[in-house]
Amino acid sequence: MRIQLRNENWLEVREYRKEDFIHINRLNAEEKWNNLVENKDRTREAWDHSTIAYVAEINGQLVGYIRGLTDQSVTLYICELLVDRTYRGLGIGEILLNYVHHSYPTTRIEMLANSDSRTFYEQKGYRTFYGFRKTSKE
């Protein structure tokens with residue numbers, strides 16, 4: 001899918017390819033998502049096994065991504081959504097969310113957010129919900 005952004009650049013959203021991972025890992029490092037960077041092999045495996053895995057490019061440069069899981073009927077869970085800081089404010093995150101939700105229109109979107117991204121999601125009409133988390137080491 002190609003769409004023109006507010007700054008008149010063309011954004012291409014396409015399926016993830018294995019060669020994209022080096023750029024995804026760079027974005028994760030720039031965002032200081034250290035757990036994903038330090039566990040690079042597991043993160044790559046997660047990308048390879050996700051049912052939702054798309055990247056956003058401008059002029060061939062990877063500027064954002066979305067990764068998630070879905071049962072295709074009820075729930076669409078976004079694991080990560082990230083846009084390069086240089087390209088924020090152009091609507092790329094919203095385009096990625098809308099793209100995957102349009103692909104699975106009957107599902108509800110669920111995700112975790114940090115305090116930095118909370119305002120973004122609230123402005124897009126998402127509401128908070130209560131959940132739990134535990135790793136195998138806990």
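Which element gives the most to the lining of the second largest pocket? I found that strand 6, a DSSP run of type E (at least two residues for a strand; H or I and at least four for a helix), gives the most, with 4 residues.

I noted first that this is a predicted model, in which local features need pLDDT of at least 70 and side-chain atom pairs count only at pLDDT 80 or more, while totals for chains, interfaces and linings use all residues. I also kept in mind that residues are numbered from 1 along each chain as its sequence is written, and that side-chain values use heavy atoms, with hydrogens and water left out.

Second largest pocket. I took a pocket as an open set of points on a 1 Å grid over the protein atoms alone, where a 1.4 Å probe fits, with protein on both sides within 12 Å along at least five of seven lines, and lining residues as those with an atom within 4 Å of a point. The volume is about 700 Å³, and of the 22 lining residues I found Glu110, Met111, Arg127, Thr128 and Phe129 closest to the centre.

Largest pocket. I looked up its volume, about 1,400 Å³, and saw that Trp33, Leu36, Cys79, Glu80 and Leu81 are the closest to its centre among 40 lining residues. Strand 5 supplies the largest share of this lining, 7 residues.

Helix pair. I read that helix 1 (residues 21-30) and helix 3 (residues 40-49) pack at an angle of about 120°, with axes 11 Å apart; the axes are lines fitted to C-alpha atoms over the stretch in contact, and angles run from 0 to 180 degrees between N-to-C directions.

How values were computed: Grid points are joined across faces, edges and corners, and a volume is the space filled by probe spheres set on the points.
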